[in-house]
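User: I'd like to go through this one with you and ask why each label is used. Could you set every value against its cut-off?

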Amino acid sequence: MKMKKIMAAVLAGAMAVSMCGCGDSKAAATTSAAAGSSTAAAASTAAASTAAGEGTSKAIADGVLTVGTNAEFPPFEYVDDNGDPDGFDIALIKAIGEKMGVKVEVQNMEFDSLVSSIGNKIDVAIAGMTITDERKETVDFSDPYYEALQYVIVPSGSAIKSAADLSGKNIGTQLGTTGDLIVQDLASKDSTVTDSPYDTAALAVQDLLNGKIDCVIIDKNPAEVLSAQYTGKLSALDGKAFDFGAEDYAIAMPKGDTALQTQINKALADLKADGTFDALVKQYIEGSDSAAASDSTAASTSAAASTAAETTTAAK
């Protein structure tokens, strides 16, 4: 009997130890699972923080930077012999894309539709686009990469020499450009000024040659390229004589995308630091490829002349 009591006590103790051990095992498992969950959550948070720290933009999450331009603005953008957009801006954005590690795809479109296309049809726009307060209401800009000035193209022998001479004139511009905005402002202050915007500067130049308008206001570089196609017939006048101020070109991008802005600005700064930017300026604006831009412009103006002739014939 005593032995049975002893055995019963031993069994009871063993069961208690077993139950206690089982309880500890469950608690340990629960604690381990919780710890694993916390570790996973921490890892996820760390990964998100790392991504944010690296400045990754959703716009280039697919590894492609879709760029909008208007290839009617030599030597910054024009159509080459193969029918593809080329020019200083195109070479620059491709170099920026290479620095960022993304593929660059360029879409040629009307200048006036570029800003409204950012964030839906395209990721950014580069097209000799000036930073303005109006544009900054809907898009953000990179750091400036080129300083420009508006010029006035006039027929040789024109009496237009200064701002005062623009009164009473019919002025051609490219739709949506800074020149267009300047003439709109002039017209709002002087009812005798007429703003005649065209889809391209080449079309405006053709109407200038045909005597339909008095002058064309466009940025310095394209003004010089366009007028050079008609030596002896057209002249490009310095905008300083018309009190035009300096302007800055920059790359336009979606409003609030600071990650993309940071990446583009860093790439641009790197290109300036390693000499690539200066090399592109010499190649496209000062050097051999500026001649290619002139040839392309000649083709554009010839096409514009054909279009103008067809329009006149249709009107008759």
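**Labels and their cut-offs**

User: What phi does Gly-275 take, just after α8?

Analyst: Gly-275, just after α8, takes a positive phi of about 90°. Gly-101, just after α2, also has a positive phi, of about 80°. Before we go on: this is a predicted model, where local features need pLDDT of at least 70 and side-chain atom pairs count only at pLDDT 80 or more, while totals for chains, interfaces and linings use all residues. Residues are numbered from 1 along each chain as its sequence is written, and side-chain values use heavy atoms, with hydrogens and water left out.

User: What makes something a helix or a strand here, and how many of each does the protein chain have?

Analyst: Both are DSSP runs, numbered from the N terminus: H or I over at least four residues for a helix, E over at least two for a strand. By that rule the protein chain has ten helices and 14 strands.

User: What makes α8 agree with the span expected of a helix?

Analyst: The expected span is 1.5 Å times one less than the number of residues. The 16 residues of α8 should therefore span 22 Å, and its end C-alpha atoms are 22 Å apart, which agrees. For α2, with 13 residues, the expected value is 18 Å and the reach from first to last C-alpha is 18 Å.

User: Why are α2 and α8 called roughly perpendicular?

Analyst: α2 (residues 88-100) and α8 (residues 258-273) pack at about 105°, their axes 9 Å apart. Axes are lines fitted to C-alpha atoms, for helices over the stretch in contact, and angles run from 0 to 180 degrees between N-to-C directions. Under 35 degrees is roughly parallel, over 145 roughly antiparallel, 65 to 115 roughly perpendicular, and the rest oblique. The pair is therefore roughly perpendicular. On the α2 side the contact (heavy atoms within 4.5 Å) is made by Leu-92, Ala-95, Ile-96, Lys-99 and Met-100. The α8 side brings Leu-260, Gln-263, Ile-264, Ala-267, Leu-268, Asp-270 and Leu-271.

User: How do the residues of that contact divide into nonpolar, polar and charged?

Analyst: Ala, Val, Leu, Ile, Met, Phe, Trp, Tyr, Cys and Pro count as nonpolar, Asp, Glu, Lys and Arg as charged, and the others, Gly among them, as polar. That gives nine nonpolar, one polar and two charged.

User: Why is α2 described as largely enclosed?

Analyst: Buried means under 20% relative accessible area, exposed over 50%, and partly exposed in between (1.4 Å probe, protein chains only). Ten of the 13 residues of α2 are buried, so the helix is largely enclosed by the rest of the structure. Among them are Phe-88, Asp-89, Ile-93 and Gly-97. They pack against β1, β3 (85-86), β4 (103-108), α8 and α9. In α8, the buried residues include Ala-259, Asn-265 and Leu-271, and their cover includes β1, α2, β5 (124-125), β14 (252-254) and α9 (276-286). Over the whole chain of 316 residues, 42% count as buried.

User: Why is Asn-70 called buried, and what does its side chain reach?

Analyst: Its 4% relative accessibility is why Asn-70 counts as buried. The Asn-70 side chain reaches the backbone oxygen of Met-109 at 2.9 Å. A polar contact is a pair of N or O atoms within 3.5 Å; within protein, one must be able to donate a hydrogen and the other to accept it, and residues adjacent in sequence count only if both atoms are side-chain atoms. Asn-70 lies in the loop between β1 (64-69) and β2 (78-79), and Pro-75 sits in the loop between β1 and β2 as well. A cis peptide bond joins Pro-74 and Pro-75, with omega about 5°.

User: Which of the labels, buried, partly exposed or exposed, fits Asp-243, Thr-231 and Leu-209?

Analyst: At 65%, Asp-243 counts as exposed, and Asp-243 has a positive phi of about 65° although it is not a glycine. Thr-231 counts as exposed at 70%; a polar atom of its side chain lies 3.2 Å from the backbone oxygen of Ala-228. Leu-209 is partly exposed at 30% and touches Tyr-230, Lys-233 and Leu-234, leaving aside residues up to four places away in sequence.
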